[in-house]
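Biologist: I should like to learn how to read the features of a structural model. May we proceed by question and example?

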Amino acid sequence: MASAPVLVTRRLPEEAIARLTASCEVTLWQEERPMPRARLLADSAGKAAIITLLSDRVDDELLEAAGAGLRIVANYAVGVDNVDLAACSRRAVMVANTPDVLTEATADMAWALVMAAARRVAEGDRVLRAGSAWVWGPEMMLGREVYGKTLGIVGFGRIGRAVARRAGGFGMRVLAAERSGGAAGAGGAAGTGGAAGTGGAGGEVEWLPLDDLLAASDFVSLHVNLSDETRHLLDRERLARMRPTAVLVNTSRGPVVDEAALAEALSAGRLFAAGLDVFEAEPHVHPDLLSHPRVVLTPHLGSATVDTRRAMGILAVDNVLEALAGRRPPALVNEDAFRRPKA
Ligand code: DGY
């Protein structure tokens, strides 16, 4: 393993890089923008490991460019929708991610958006910064009550459950979407279907089919992985099932929501507000969402705390070091690649 060549496609927290450079020969992309594709392909050549970001596409082309010595792709994210898992498994290239360490930070972010969208926090901030005249009034900028309302969680995996736990403090009824044909629960969800239970969320959770959940919820928070089944899971039809007083929050992946349909629903008053941390074509944001006053926007900040990003860096590096030592990486995604000998 000594001085194995490793590519890191963006600067990671200091401690993580120090840990990696102690035993590997590291090529580090220093710029604050994704590696241009051609450079990514060129710099991958001959590497034993690559630490990728969610903006790096890992596919046959990249694996081919890296060559037969590549043992692991360690994604600096829990989501691996940027990685062609089947292509990696075919070549016995392990794929690892960064689960658990970002659960609480991402759940906090979902709640930040719930509160900001319900109580028009960003809109109020803009009014003051614009220097607009205002005076306190009984009907000024009324929002939606959060306490005691119903929260629908789509994707009851680790992050969905952490969001549900926080709802206890707000006296909320919590609904979780049942897996229907694998779609709604496709987030590592623990959907048992039907019966009420805690689902590890610390309080009572009711399981409902997705369409019923959408109709019954005052707040809907999305926590599914992005896959063929969940792309546009919230399409025009499903958005139309939501209450006109409801708030939609997305901290999962942008393409889970049809943004054009969402913008239409908001403009037509068929939805009260939205809180969005992720977008269909990041970093681009749909212009009608940008201009809508009751859409709260953040630039994919779900896991963006000092502690969490540091922990993600350490886990990504540990994934690499373990794989290069011939051991099972702690957050291995494709078990079959570990078992299959390299050709
Ligand atoms: C992830 O981990 O998948 C997030 O989107 C970035 O932290």
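**Reading salt bridges, surface and ligand site**

Modeller: Let us begin with one residue: Arg238 has a relative accessibility of 23% and therefore counts as partly exposed. Please keep in mind that this is a predicted model.

Biologist: With which residue does the side chain of Arg238 meet in a salt bridge?

Modeller: The general idea is that side chains of opposite charge can pair when their charged atoms come close. Here the partner of Arg238 is Asp211, with 2.8 Å from N to O. Asp211 belongs to helix H8 (residues 210–216) and Arg238 to helix H9 (residues 236–241), so the bridge ties together parts that are 27 residues apart in sequence. Asp211, at 25% relative accessibility, is also classed as partly exposed.

Biologist: Which residue forms a salt bridge with Arg236?

Modeller: Glu264 does, and the closest N and O atoms are 2.8 Å apart. This pair links distant parts of the chain, since Glu264 sits in helix H10 (residues 259–267) and Arg236 in helix H9, 28 residues apart. Glu264 is partly exposed at 38% relative accessible area, and Arg236 is partly exposed at 42%.

Biologist: How many salt bridges does the structure hold?

Modeller: It holds 28 salt bridges. One of them joins the side chains of Glu322 and Arg327 at 2.9 Å, N to O. Salt bridges with shared partners also join Arg37, Arg57, Asp59 and Glu61 into one network.

Biologist: Is Leu128 buried or exposed?

Modeller: The test is relative accessible area: under 20% is buried and over 50% is exposed. Leu128 has 53%, so Leu128 counts as exposed. Leu128 is placed in helix H6 (residues 121–129). Together with Trp134, Trp136 and Met140, Leu128 forms a nonpolar surface patch with about 520 Å² of accessible area. By contrast, Arg120, in the loop between helix H5 (103–118) and H6, is buried at 16%.

Biologist: Which residues are around the ligand?

Modeller: They are Leu54, Ala77, Val78, Gly79, Leu102, Arg253, His300, Ser303 and Met312. By class, this shell divides into 5 nonpolar, 3 polar and 1 charged.

Biologist: Where do polar atoms of Ser303, Val78 and Gly79 lie relative to the ligand?

Modeller: A polar side-chain atom of Ser303 is 2.6 Å from a ligand oxygen atom. From the backbone, a polar atom of Val78 is 2.7 Å from an oxygen atom of the ligand, and an N or O atom of Gly79 is 2.9 Å from a ligand oxygen atom. The protein covers 89% of the 230 Å² of accessible area that the ligand has on its own.

Note on methods: Residues numbered from 1 in each chain as written. Predicted model: local features only at pLDDT ≥ 70, side-chain atom pairs only at ≥ 80, totals over all residues. Heavy atoms only, no water. Near = heavy atom within 4 Å. Polar contact = N/O pair within 3.5 Å; in protein donor to acceptor, adjacent residues only side chain to side chain. Areas by Shrake-Rupley, 256 points an atom, 1.4 Å probe, with all protein chains shown as cover. Nonpolar A, V, L, I, M, F, W, Y, C, P; charged D, E, K, R; others polar. Patch = residues over 30% accessible without salt bridge, like charges linked within 9 Å, V, L, I, M, F, W, Y side chains within 5 Å. Salt bridge = Lys/Arg side-chain N within 4 Å of Asp/Glu carboxyl O. Helix = DSSP H or I, 4+ residues; strand = E, 2+ residues; numbered from the N terminus. Buried < 20%, exposed > 50% of the residue type's maximum accessible area, 1.4 Å probe, protein only.
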